[in-house]
Amino acid sequence: MLRQWVNAPNLLSASRLIAAPFLLYLAWTDRPGLFLALLAITLLSDAVDGFVARRLHATSEFGTLLDSYGDLVTYLVIPLCAWWLWPDIIRREAGFVLLVLTAFVIPPIAGLLKFRQLTSYHTWCAKAVAVLMSVAIFFLFMTDIAWPFRCAAVLLCLSACEEIAITLRLTELRSNVRSYWHVIRQDSGELTDNRQGP
């Protein structure tokens with residue numbers, strides 16, 4: 001059982017949970033360079049853990065949930081750290097920051113209310129937006145260029161709407177749902193395997 005849990009993709013996902021207090025510490029002690037370096041490593045782990053899991057045939061429900069918890073912790077830590085390090089930027093972009101936080105928090109709450117469990121859909125849209133948001137965050141904090149972040153915030157809202165729609169449509173919780181369209185196809189019998197990876 002332990003070998004099933006301790007593998008490369010799960011360690012990558014767990015590393016995001018481990019990194020969270022260090023990100024908070026670096027932000028609190030005003031070390032933006034080290035913070036951005038660690039954040040880059042953390043976001044890179046998010047980008048590759050799913051690929052590594054599929055490559056090593058090490059996908060599991062536990063790994064999927066661990067990935068989701070790692071994402072949740074990371075993306076809740078970033079706004080607080082950003083407030084400590086770049087308060088002027090956060091004040092200026094407050095509307096979009098609030099939009100991002102709302103879009104990130106509401107879908108898991110919807111899942112918890114319906115299924116009593118954190119959802120882990122990892123849709124195509126969510127993956128694409130995660131990459132765009134990661135790039136946009138670095139543009140924002142390193143160059144003070146805001147438009148990529150604003151565009152990513154709007155796209156994140158669309159991704160959140162899709163996740164909420166998936167939650168409302170499903171009668172039982174599924175992991176790794178590619179898109180709302182795939183849910184419709186599965187419900188109509190066009191797709192038979194509801195555990196397909198993304």
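The paragraphs below lead through a predicted model, from its confidence values to its salt bridges, a buried loop, the region around helix α9 and a surface patch.

Across the whole protein the mean pLDDT is 89, and 93% of the residues reach 70 or more. One stretch calls for caution, since over residues 193-198 the pLDDT stays under 50, although the model has 21 contacts for this stretch beyond four places in sequence. Where pLDDT is low, predicted coordinates should not be read in detail.

The charged side chains offer a way into the fold. Side chains of opposite charge can pair when their charged atoms come close. The structure holds nine salt bridges, and one of them joins D67 to R16, with 2.4 Å between the closest N and O atoms. This pair links distant parts of the chain, for D67 belongs to helix α4 (residues 61-85) and R16 to helix α2 (residues 8-28), with their positions 51 residues apart along the sequence. Both D67 and R16 are buried. R16 also meets D71 in a salt bridge, with an N to O distance of 2.9 Å; here too the partners come from distant parts of the chain, D71 in helix α4 and R16 in helix α2, 55 residues apart. D71 is buried, as is R16. These three residues, together with D46, are linked in a network of salt bridges.

From helix α4 one can move on to the loop between α6 and α7, where L118 is found. L118 counts as buried because its relative accessible area is 7%, under the 20% cut-off. Leaving aside neighbours within four places in sequence, L118 is in contact with L65, S68, Y69, L72, P108, L112 and L173. With one of these, Y69, the separation along the chain is 49 residues, while the C-alpha atoms are 8.3 Å apart. T119 is placed in the loop between α6 (94-115) and α7 as well, and T119 is likewise buried, with a relative accessible area of 8%. Beyond four places in sequence, the residues that T119 touches are S68, P107, P108, G111, T167 and L173.

Further along the chain, R174 and D187 form a salt bridge between their side chains, at 3.2 Å from N to O. Because R174 lies in the loop between α8 and α9 and D187 in helix α9, the pair ties together parts that are 13 residues apart in sequence. The two partners can be described by their accessibility: R174 is buried, with a relative accessible area of 10%, whereas D187 is partly exposed at 38%. Helix α9 (residues 180-187) also contains H182, which is buried with a relative accessible area of 6%. The side chain of H182 makes a polar contact of 2.7 Å with the side chain of S179.

The last stop is on the surface, where V131, V135, F139, I145 and W147 form a nonpolar patch with about 490 Å² of accessible area together. Helix α7 (residues 124-143) gives the most to this patch, contributing three residues. W147 is found in helix α8 (residues 147-169). W147 counts as exposed because its relative accessibility is 60%, and the cut-off for that class is over 50%.

Key. Residues are numbered from 1 along each chain as its sequence is written. This is a predicted model: local features need pLDDT of at least 70, side-chain atom pairs count only at pLDDT 80 or more; totals for chains, interfaces and linings use all residues. Side-chain values use heavy atoms; hydrogens and water are left out. Patches are made of residues with over 30% relative accessible area and no salt bridge: like charges are joined within 9 Å, nonpolar side chains (Val, Leu, Ile, Met, Phe, Trp, Tyr) within 5 Å. Accessible areas come from the Shrake-Rupley method with a 1.4 Å probe; for residues, only the protein chains shown count as cover. A salt bridge is a side-chain nitrogen of Lys or Arg within 4 Å of a carboxyl oxygen of Asp or Glu. Helices (H or I, at least four residues) and strands (E, at least two) are DSSP runs, numbered from the N terminus. Buried means under 20% relative accessible area, exposed over 50%, partly exposed in between (1.4 Å probe, protein chains only). pLDDT is the predictor's confidence in each residue, from 0 to 100. Contact means heavy atoms within 4.5 Å. A polar contact is a pair of N or O atoms within 3.5 Å; within protein, one must be able to donate a hydrogen and the other to accept it, and residues adjacent in sequence count only if both atoms are side-chain atoms.
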